[in-house]
Structure formats: structure tokens, C-alpha cells
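Okay, thanks everyone, let's get going. I'll put the sequence and the structure up, and then we'll walk through a few spots together.

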Amino acid sequence: MRLLLIVTFLINGSLPAQAQTGGTVSGTVRDAGGHPIAGAAVTLAPSRAPEVRTDAHGGFSIANVPAGTYDVSVLKGGFVPYTYAGVVVPTSAPLAFTLSAASLDTMRQIASVHTSAGSSFNTSSTAIQTLSQQNFVDQGQLQVGHVLDEIPGVVSNRPDSANGAAPGSITSPNLRGAFDWEKSNLIDGFPLIAGKSGDYDTPLVNSLLFSDVEIVKGPTAYANEINYGIGGTINFVTGAPTLTPHDTLIAGFDNQQGAFGELRLSDTIGHVGYVIALVRSGTNGPLDDYPTYVTLPSGTKVNGATASSTITSSAPTGYSGPYPVPGSIKGSNPSAAYTTLAACCQDFTSTYQSNGELVKLAYHFSNTTSLTAGYVGIQGNYDGPASGLTQIYSTFTPGLSYDTAGTPFANGGQFLLNQTTTLPNQNVIDNEPMFEAQFRTAIGNDTFLARWYSAVLERPTYSDSPNPAATYTTPLQLWGTVKLAGTPTTFTGQTADVTVPDSSAYVNSMGDFDHLHGMSYEWSHPLASEDFLTLAYDADTSLTQSYKVAPGTAAVQYSIAPGTRQDMNNWLVRGVFGFGDKAQLTLANYYNVYRSTFAPTAPTDTSFDFSTVTSTHDDPRLGFVYRPDPDLSLRFSVGSSIAPPYPSLIDNNTETPEEVLAAGGAVGTTVTVPVNSGTLKPETAFAYDVGGDARLPHGNILSVDLYLTNIWNQFLTQITDTNTTYTYNGTPYEVYTSTNGNLAQSRDQGIEVALHRDPAVGYGYTVSGDLARAYAYNLPPGFYSTAAGGLETNLGVIPGINYISNGSGYNNISNKSEPYSMGYVEIHRRGSWGQFVSLGLTYYGSNNMFNIPAYFVGHATIRQPVAKDTSLQVSVDNLFGSNDLPYTVYGVNSGALYAPLITGQTGLKADVPYGPSTVRVMLVRTFGAAP
């Protein structure tokens, strides 16, 4: 009996222990439509069991798995490999895997990108972040710029010459201190670049058109296309047809007389899937018939008599004032510092319209083979002058005897003068149709992908002037003094007919056209459960031209000649290799061939003489991931990049002063003449990234990255004073030349940190920021010297100091500043019925793109369900009215900081506004299952 009790006790006592020694990992594998996937390979890591295959119902089971924590990986040709991280054995619930179809649309289609349900825990070898359409909806942001500013290492930069408050203002998201042309710009994985700027501007990109925006910072080996990708890659993903019904309707309005909306329909019926989306956004913006005081262009006639110049950079006799700027350099005193005659008014309306369409059809031959064809369209227009409106504090100097009683000006006092006068007004049109197709199939676990695309970027500018040989007459109210046909004349508010000469009137004055097409092929072969070999080939062509119509002659002057093209061919070999259970290595080599065809000189007729330059470059890249435990992922990536000269750099036609002046190219009494620089060297770079993600208790995720990018041959423009003058229509102009060149060495470096929590229900938060440096070093001894003497150009390039934007009397690498720091803080709460409340603050540190001291911008959202699947939302951008001017201000009374120059002096900068508070109200209704 005693022996029986002992045996019974031992058996009963061992049962709990035995239950903890192992278990079964089971589950199902399905596609996005819920259909079972048979033959998928399922493995565990650390390896404790042999690979198993799913049955005809997509089911699998792995028995006798020892207790522990595992990563469960699923692999099937034609689908994106998926890893469920942190599965604890024994487990009581079966696992459910949903595999996405493999595609070249997105950069997340590679085996080394692991995912973990319920978090954004990054287990890849590079710093990658994805914003979904919902991220933009949660903040009521229709444009992408302000949300991108919240990501460490990303700055949606604006030129210092742009009016940041206007919705149509030029905006370009930059990565890790890199400039506009130093990143890879993609839509659905296809490269887009405008030959005029070497970049893809995003003001007309509507956030509602895209399902995701992928940001990869640093030397990623995930994308097939890395052209210009020194700072990284941004990919706008439109989304694919869903396999189950999912429809969305959004309608809303803003407090600037704007309206917006989206209709998206998606489903698969039988073998055919579709997605159709229409998005619209229109607003008046902050300027609605806003009157500005202007000066008269050279050659203007008042009541039929020719008027003399009405502005000067030096004080007339008897006047003093805030100018010149203390410690000023040659040219720092603005050409419009003093005004003798002011005219009223040129009215500005910052109207903005953005439209987008998406149509994709997919035919599924099987769950591993499909053909998709689609159209992505972006169109829009905006008021061009309002998007660049810069007002300067000018001193009214009509003469000491002028009586200003009853006028809007004080004699010798300051007033706001529109420095960007454009009579008549201009309107910028944008049209960006893109056609794409993609074929996907599999043989066993091998995946084959092929795609093709053709796109057009058209940006013409139109005006109210009827034809290029005509003058433009408009009634304006005048104050001050001016010589009319040599006779001094005084105006005290009288209205006169002002005739702008054909040499200054704007008529269909500019047009930028880019035609792009290309193809990609990829084969991916698994070598083991998590080891892959990928071979890919990409060929892309960009045909570009840019012109302006010379007023008066109607002659078309090309700054980029028709026939200019870039051919980019890239071969990729990539291997992903596992080392044990905790490490993974990605090795890739991109062999790039660039052929640039350009016309180095302006033609005498319609014919062009072209030259072709070919450059090749090997860009090896390495990524390494080490996971000592399931809640910690450490990453390291390193690799090189190349940015060949984009067309407008090498197709910069040499022109004469007369040609530039005839096209209205004067700034005050100076004229800058472009001179072709011949063949530029490509920029090359080598970058490093060290970082990691940690999954902390209670769903908190910590992410840290340190990076360093060394750049050689960075592009810059040398502006040189020739110490000569050219007289045109009786006015002498000081002549400068502008030539493109290379900077020897520069460096981008910084640290990025983010801590966040985002539960499905409850309180969440984000705290993130970065510290960044972007500067030149090892400058050659003669860098600041020119043929006209020393210290005449690039005075804003200071070794070891972050790049600043261009200003008055000096030029820089770019027209955008690189901030030393950025940050973002947000707290939000999600309710169980779809309620959502959030409050966020974006920090723009010193040397920011707004050219003012560091400051915060707030936003807030409240969303409340009002019916089943229907919510009402109110969002406010710039909640506290920070830097809320509706236009750019330039001059000593603006809030802009002076620019430090290499001479120890200072230069003027423009105060670029963020824009006034904007309230958006929207109704959101969804139908069907989540995509």
C-alpha cells in the first residue's frame, strides 16, 4: 500500500511538470481573402523540429515542441514570407497566418522583414517605418508633409523662397540631412524624378490616395531601386485589390472655404479583383484676395509714359533707416530696401486643388499567380505667386518734401512690399498620370515578379496675359514719386493705367515635362527555411525638357532641351542568410549604369547638339540583425550610394545677359547668367547605421538609431560677380554668372530615438526626436575664391556648421536649411467603440526650414462614432497658432534669424511661415471587412 501511494504521488506530482516540458504548435495559413494555402513550409526557430507543410486546408501541426519561446515562420512561393515572433510553448490557441501576395510595389516584401502582431516592433536590418492612410486620417492631414515631420530623421523641407503657408508651396521630404536629390522617390516602387529639380515635390500628393507611405532611412538592401538613395528611400504605395469587400467614404470641409473627400471601393469577385479610388481636395488657403503693394518692373509705362526705376538698395539723399544690415556683405542690402513709388494692389488668392484617381484590376489565375494592371493619376493646380509670396519691409522714400498725410505710408517709414511681383498673375498646373502592370507567379517556393510602368510629370505655368508679344495693362493706385519720360511726377493715391512691357509680362512662361518608363524583373529562391537568394534587373528612362517663353519675341528658350534623357540600368544580387537561431545577414550588390544625354549649349534654332556621359558604380550593401531574445532586435547596415547629376545640372544652357533680361530674369539691378559647367562628377556616399528595437513591458516599444553618411562631390552652385555691367533698355545691370560644380566632402550624422505605445483600446503615446548634423568639411583652399576676387560666393557654407538656406547676397548648397534637432510628442486614447482623441506637438529645432528660433506646433483630433461604421471627426492643425503668418516675410523686421557667414558677417534670411490654424471636419464611413 505504501509503495502504491508513493508511485501515485510521483505520477501525480510529475504531471504538471510534464505538461510544461512541451506542446504542439498548430494553426492555419491563408491568403488575404481567407482561402487556405496548401504546401506552405512552416518552421520554428530556434530549430526544434523539422519543417512541415500545410495540408489542403492550410492547416499544420508540429508536435512535441519543448517549452520555450519561438519564432514561427511560414514560406510559400508567390507570397511574402511571414514570421510570428514570440510564440510561447506550450500554447493553447492555434496560430492564424495571413500571407500577403508578393509584390514589387512595397519594400517590405523580403524574408528578413519579420513582423509581430499587435506592435510596430522592427526586426529588420534597417531603419524602416510605415505610415498607413489611417495615420494621416487620425490627424486630418490631407498633405503628407506635416505628418512626415513627426518621424525622427525626416524633414519635409520647404525652400526659403517658398510661402510655407500656401497649400501649393513646394515641399520635399528629406532624409537624415540629405538634400532633395539625395533620396530615392518611388510610387508603388517605381522611380519618379523631375529633371528640373532632381526630386519629386509632394505638395499635390493627397494622403488619401495611398494605403501606405514607407520610409527607409539609410543604406537599405530591401528596395530594387536605390537611384539617388543617399539618405534613403520614400515609397508611396497605392494599395492592391482586397480579396474581401472593403469600401471607404470620407467627406469633409475646412475653415478656409475648402472641401475634400475620398471614395474607395475594393473587392475580389471570382478571379477578378479591383480597387477604385477617387480623392479630391480643394481650399482657398490662408490668402483670399489679399492685397499687396508692388513696385513697377523695368520698362513699365504709367498713363503711356515710361517710368524710371522705383526701388534701390541704397538710401536716397536725406534718408537713413534700418538698412544696411549690420555686418552686411556685398549684396546683402535688398534691392528693394528703399521704395520711391508704391502701387496697389496685386491681389493674392492661395487657391489649391488636388485630385487623384486609382484604378487597379487583378486577375488571379491561382493563389500564387496573378496579373495586375493599374492607373494612378494625380492632377492639381495652385496660385503660383501665392505659393512664393515674399514680402519685404521696405522704407518709403518719395522725397523729403513729399506729404504723406492721408496716405497709408509715413515718409521714411517702413511698409510691406511684395518682392515677388508677377503682373499678371500665374497659375501652376500639375498632371501626373502613371500606368503600371505587374505579373506574379511561383514554382515551388520560388517567386517570380515582373513589372512595367509609364508615367508623365507635367507642370506648365499659365498667366492672364493673352500672348507673349503683348503688353499687359491694369489700373493701379499709386503713391510716391517717379520719373515719367524723364519728368518727376508725384502721386498721392491716384489711379493710373500701368502697362507692363512685353519683356516683363508673363505668358505661359514655363513648362517642365518629364516622361518616365521602365521595367523590373525579380527572381527569389529560398536556400533554406529563412535563407534566400534574389536576382533582379531594373531599367528606367527619364525624358525631360523645361522651357520658358520669352515675352516680346514669343521665342521658346529651353533650359533643358527636348531630347535630354537619363537611362538607368541596375543589376541586383541579394542573399539573406541565417546564422544559428539569433542572427541573420543580408548581403546585396547593386551594379548601376547611368547614361545622361544632354545639350550643353543653347541652340541658335530648333536643333540641338547632344553629348552623352556614362557612369557606372558598384553599390555593395550589408545588413545584419542579432536577436538575443524575442523582445530585442539589434541591427547594423552599411553601404554605398550614387547620385548622378540630374538633367538641369548638366543641361544648364549658357545664355547671354540679353537673353536672360528679355525673359524677365532681372532681380533689381542685377542679372545672373547661367553658364554650362560641362560634365559634373556624380555624388557618391558611404553610410552606416547602428540601431535596434526593444519590446518593453505593457506594449511599449523603444527604437534607437545612430547613423553616419560620408558624401563626396556634393552638387553646389557657384555664383560669381563678373565686375561688369550690361545695359538693357537704358538700365545698367550688374552681371553675375552661375555655374554648377562639386563640393569635395560633406557629412550627415545623427541619432534618432522613439518610444511609443499604441494599444487597440486605451491610452497610447509617442515620444520621439533626433539630433542631426549636415555640413561640409575639408574644403579646398580656393573654395571661397572666384575669378572676380576672394570671398564672393558660397559664404553660407561653413565647415562644421549645419547647412543654411540661401539668402540675400550669398548662396549655399541648397535653398533649404538642415535643422539640428526635431521632435514629436503625442498622447492619444482609443475607445472600444471607435472613439479617438489625440493631442500632439512637433518640435522644430534651431536652423529649421522656417528660419526662425526653435518652436512647437500643436495638433489635436477628436473622433466620435455617430452610427454603425460611421464617425464624425474634428481635427486642428497648428492648434496654438505658432508662426501663423499667411506669407513669407523678408527683412530686418521679420522674425527670421540672421545667417552666419564664413566672413564672420551676417546675411538676411526670410521668415518662412508654418501657416495659420486650420480646422477640418470630416465624416468617415467604412463598409465591409478591414483590408
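So, starting inside: by class, the lining of the largest cavity has twelve nonpolar, 15 polar and four charged residues. For the classes, Ala, Val, Leu, Ile, Met, Phe, Trp, Tyr, Cys and Pro go down as nonpolar, Asp, Glu, Lys and Arg as charged, and the others, Gly among them, as polar.

Quick housekeeping before I go on. This is a predicted model, where local features need pLDDT of at least 70 and side-chain atom pairs count only at pLDDT 80 or more, while totals for chains, interfaces and linings use all residues. Numbering runs from 1 along each chain as its sequence is written, and side-chain values use heavy atoms, with hydrogens and water left out.

Back to the cavity. The word here means a set of points, on a 1 Å grid over the protein atoms alone, where a 1.4 Å probe fits but cannot get out; lining residues have an atom within 4 Å of a point. Grid points are joined across faces, edges and corners, and a volume is the space filled by probe spheres set on the points. Searching the whole structure gives eleven cavities of 30 Å³ or more, and the largest holds about 440 Å³ of space. Which residues come closest to its centre? Of the 31 that line the largest cavity, they are Gln143, His146, Ala165, Pro167 and Arg920. The elements giving two or more residues to that lining are helix H3 (145-148) and strands S16 (259-269), S17 (272-283) and S54 (918-928). S17 gives the largest share, three residues. Helices (H or I, at least four residues) and strands (E, at least two) are DSSP runs, by the way, numbered from the N terminus.

On to strands. Two of them pair if DSSP finds at least two bridges between them. Take strand S37, residues 632-643: nine of its twelve residues are buried, so S37 is largely enclosed by the rest of the structure. Buried is under 20% relative accessible area, exposed is over 50%, and partly exposed is in between, with a 1.4 Å probe and protein chains only. Who are the partners of S37? Strand S36 (residues 611-629) runs antiparallel to S37, with seven bridges, and the two form a hairpin with two residues between them. If you want a spot to click on, Val625 has Arg635 in S37 as its bridge partner. Then there's strand S40 (residues 683-695), which pairs with S37 over twelve bridges, again in the antiparallel sense. Over there, Ser637 stands opposite Asp689 in S40.

There's also an open sheet of four strands, in the order S3-S2-S5-S6, with antiparallel pairing. Strand S3 (52-53) and strand S6 (82-89) are at the edges with a single partner strand each, so one side of each has no neighbour in the sheet. S3 pairs with strand S2 (residues 41-45) over two bridges, antiparallel, and Ala41 sits opposite Arg53 in S3.

Now rings. Phe, Tyr and Trp rings (the six-membered one for Trp) pair if their centres lie within 6.5 Å; planes under 30 degrees apart are stacked, over 60 edge-to-face, and the rest tilted. The structure holds 33 aromatic pairs. In one of them, the rings of Trp571 and Tyr591 have centres 6.1 Å apart and planes at 45°, so that pair is tilted. Trp571 belongs to strand S34 (residues 556-579) and Tyr591 to strand S35 (residues 583-598), so the pair ties together parts 20 residues apart in sequence. Both are partly exposed: Trp571 at 40% relative accessibility, Tyr591 at 33%. Elsewhere, ring pairs link Tyr293, Phe396, Tyr402, Phe409, Phe415 and Trp479 into a cluster.

One for the geometry checkers. A disulfide is a pair of cysteine sulfur atoms within 2.5 Å, and by that rule we get one. Which cysteines does the disulfide join? Cys344 and Cys345, with S to S at 1.4 Å. Cys344 is buried at 15% relative accessibility, and Cys345 is partly exposed at 25%.

Last stop, two loops. Gly831 lies in the loop between strand S46 (821-830) and strand S47 (836-844) and is buried, at 10% relative accessibility. Its C-alpha is 5.4 Å from that of Val761, 70 residues apart along the chain. Ala760, in the loop between strand S42 (731-757) and strand S43 (762-777), is exposed at 69%. Ala760 and Ser832 are 72 residues apart in sequence but 8.0 Å apart in space, C-alpha to C-alpha.

How values were computed:
On a 1 Å grid over the protein atoms alone, a cavity is a set of points where a 1.4 Å probe fits but cannot get out, and a pocket is an open set with protein on both sides within 12 Å along at least five of seven lines; lining residues have an atom within 4 Å of a point.
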